[in-house]
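Colleague: Before I read anything into this model, I would like to go through the terms used for it, one at a time. Could you show me what is being described?

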Amino acid sequence: MRLSQILISTLRDDPADAEIPSHKLLARAGLIVKTAAGVYTFAPLMWRVVRKFAQIVREELDREGANEVMLPILQPKELWVSSGRWDRYVNDGIMFTLKDRKGSDMCLGPTHEEVMTAYVNAQVNSYKQLPVNCYQIQDKFRDEIRPRFGLMRGREFIMMDAYSFDADQAGLDEAYQKMRRAYCRIFERCGLEYTVVQADSGAIGGAGSEEFMVLADSGEDSILFCRDSGYAANVEKATSRLPDAPAGGEPLPMEQIATPDVRTVAQLEAFFPGWTAGRMAKTVLYHVTWKNKARVVAVMMRGDLEVNEVKLANALDALAVRLATDDEIRAATGAEVGFAGPVALPEEVPLLADESLQGRTNLLTGCNRTGYHCLNVNLGRDCRQPSFKDLRTARQGEGCPLSGRPLEQARGIEVGHIFKLGTKYSKAMGATFMDQGGKPQPFVMGCYGIGVSRTPAAAVEQNHDDKGIVWPASIAPFECVVAMLDPQRAEQVMLGARLYAELREAGVDVCLDDRALSPGAKFKDNELLGFPVQVFVGRKAGDGQVEFLVRRGMQKSECAAGEVKARVLAALGR
RNA sequence: CGGGCCGUAGCGCAGUCUGGUAGCGCGACUGGUUUGGGACCAGUAGGUCGGUGGUUCGAAUCCACUCGGCCCGACCA
């Protein structure tokens with residue numbers, strides 16, 4: 001391919017709306033162009049990148065026996081009602097919905113469990129047809145609260161999603177492991193530094209799930225991990241050993257103390273010398289939404305620890321949780337903000353507590369009276385016995401749940417996510433097959449996603465320098481460029497064409513940069529675009545000498561034309 | 001959803017406070033000279049100043065509304 005025939009439009013400046021390296025570089029290289037917030041046009045070279053990555057995904061999934069299909073993006077409401085997810089997705093405002101000319105509700109698919117389950121259910125009647133694993137690579141639509149970071153969090157994006165259907169749990173376990181293996185190979189082939197972490201299954205639902213995280217400072221997810229035990233988890237899911245806190249001792253009589261304008265844990269520590277945060281129980285009020293109702297719930301947490309809202313939503317089986325507003329707090333507790341507590345909490349407000357408070361005595365809490373807190377509160381004696389759950393956010397430095405060693409923290413970009421769904425969707429949608437006994441059984445399902453447009457962006461995040469992108473060879477738009485510095489000079493044109501043909505012959509995905517640019521511009525442009533291996537045919541072409549550049553590390557050297565092929569192949573690891 | 005900021009030429013920006021002929025750099029186009037680090041010279045084109053309404057003799061500038069976009073916060077009881 002000749003670059004003069006490809007639409008390439010690099011910019012000198014970073015676009016004003018880009019924050020992170022991958023967004024800046026992809027936009028500056030002209031590889032992506034914003035069409036609307038979170039909606040991008042992919043330039044020809046970027047589309048080559050995406051297609052190459054998608055091809056890797058296909059090869060590795062096909063190797064494990066998965067089948068590629070094409071599913072509709074435009075989907076009817078009924079399908080989503082049948083799984084029970086219409087309300088949740090509409091409630092969250094994350095789904096693009098529309099009406100057709102008849103007034104029927106439709107949506108643009110944010111994910112494809114429903115369509116796939118309906119499809120497989122219609123085609124598969126017997127256990128003899130199982131297992132089945134189908135996938136698709138297509139655009140998905142999510143009306144993100146805050147699209148950002150270019151391709152990282154778009155509203156229209158490309159995703160691979162696969163769904164496995166098995167007769168039983170053992171079949172699912174096997175399908176899951178196959179996909180896990182395939183995912184590892186996929187990200188390894190892309191040369192990405194990634195880690196697999198335990199994850200919350202979120203809106204998709206289901207039991208176990210793991211995320212594939214590309215480690216990068218710009219990552220939107222926080223992960224905690226332990227080098228000793230190999231434990232790694234998204235903070236949404238992570239647990240740790242409970243940090244110590246001073247014991248409360250034998251139960252003492254409760255006292256109510258005037259604490260005017262003392263509202264926060266820090267202020268309480270200052271007000272009551274000797275009462276450290278670990279002896280307090282803060283009571284946080286949340287507004288919780290379920291499918292058919294919403295109410296304010298009181299959540300107790302040890303004063304030195306933080307509530308994990310994802311765990312809270314899961315514990316309550318809620319659609320959404322958010323902090324209660326000041327008005328809601330006053331209505332629920334009868335006190336100003338800062339004085340909520342378990343003591344004298346109105347009966348209609350449900351009371352939850354983190355496990356860190358189980359068995360603890362003589363706590364300092366609020367008591368729902370403005371300007372007062374209570375000392376020596378004992379749960380179950382001075383107030384209702386709350387229902388105890390794991391609601392705590394694990395933090396860096398706390399003990400690993402397996403080894404006890406301090407957990408470390410890192411940022412990650414979620415590029416893949418695998419779930420054991422079980423029968424959640426098949427039961428909801430009545431998707432069954434006949435087992436050997438002639439009885440209908442729900443499919444045991446797994447689902448598996450890969451961010452196909454996000455992963456190349458993550459690759460840039462991990463592979464760039466001050467000059468531009470450094471594509472991993474496997475997903476680079478071209479593995480190699482042969483650039484003639486002066487396309488006016490016959491000897492350069494001839495040598496460039498010869499090397500280009502020779503490399504192509506050798507199976508290298510090579511392009512010929514025959515554009516009429518000045519040498520400086522050509523160097524800059526190719527560095528920015530990030531081709532892994534670059535061959536410059538310049539003033540020494542007449543002597544059969546060219547310049548050879550390995551983009552990673554910018555190692556440059558002179559090279560005889562006759563050695564170019566061998567050096568390119570070596571640089572590409574072939 | 002809150003809070004803050006920004007919409008002026010393809011891109012990056014100044015001009016707005018203090019109303020009075022719409023500017024700069026890069027890019028683009030033409031001609032010429034160039035060809036090893038985003039070349040140089042000369043010239044050219046390109047903008048309903050996001051939109052609507054208002055104030056005014058006069059609005060990019062002031063006011064109101066509106067539409068886009070960006071950033072921050074979603075943890076305090």
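Colleague: Which residue is the bridge partner of Val299 in E17?

Modeller: This is a predicted model, and in it the partner of Val299 in E17 is Leu352.

Colleague: What makes strand E15 and strand E17 a pair?

Modeller: Strand E15 (residues 294–302) and strand E17 (residues 351–354) run parallel and are joined by 3 bridges; pairing requires at least two bridges, so these strands count as paired.

Colleague: Why are E16 and E20 called edge strands?

Modeller: The open sheet of 5 strands has the order E16-E14-E15-E17-E20, with mixed pairing. Strand E16 (320–323) and strand E20 (387–389) each pair on one side only, and they are therefore its edge strands.

Colleague: Which strands does helix H8 touch?

Modeller: Helix H8 (residues 309–316) packs on the sheet and touches E14, E15, E16, E17 and E20, while its direction makes about 130 degrees with that of E16. Helix H9 (residues 326–333) lies across E14, E15 and E16, and runs at about 110 degrees to E14.

Colleague: What makes the approach of Glu527 to RNA strand B a polar contact?

Modeller: An N or O atom in the side chain of Glu527 is 2.4 Å from a base nitrogen of RNA strand B; the cut-off for such a pair is 3.5 Å, so this is a polar contact. Glu547 also places a polar side-chain atom 2.4 Å from a base nitrogen of that strand.

Colleague: How many residues does H13 supply to the surface near RNA strand B?

Modeller: H13 supplies 8 residues, the largest share of that surface.

Note on methods. Residues are numbered from 1 along each chain as its sequence is written. Chains are lettered from A and ligands numbered from 1 in the order in which they are written. This is a predicted model: local features need pLDDT of at least 70, side-chain atom pairs count only at pLDDT 80 or more; totals for chains, interfaces and linings use all residues. Side-chain values use heavy atoms; hydrogens and water are left out. A polar contact is a pair of N or O atoms within 3.5 Å; within protein, one must be able to donate a hydrogen and the other to accept it, and residues adjacent in sequence count only if both atoms are side-chain atoms. Helices (H or I, at least four residues) and strands (E, at least two) are DSSP runs, numbered from the N terminus. Contact means heavy atoms within 4.5 Å. Axes are lines fitted to C-alpha atoms, for helices over the stretch in contact, and angles run from 0 to 180 degrees between N-to-C directions.
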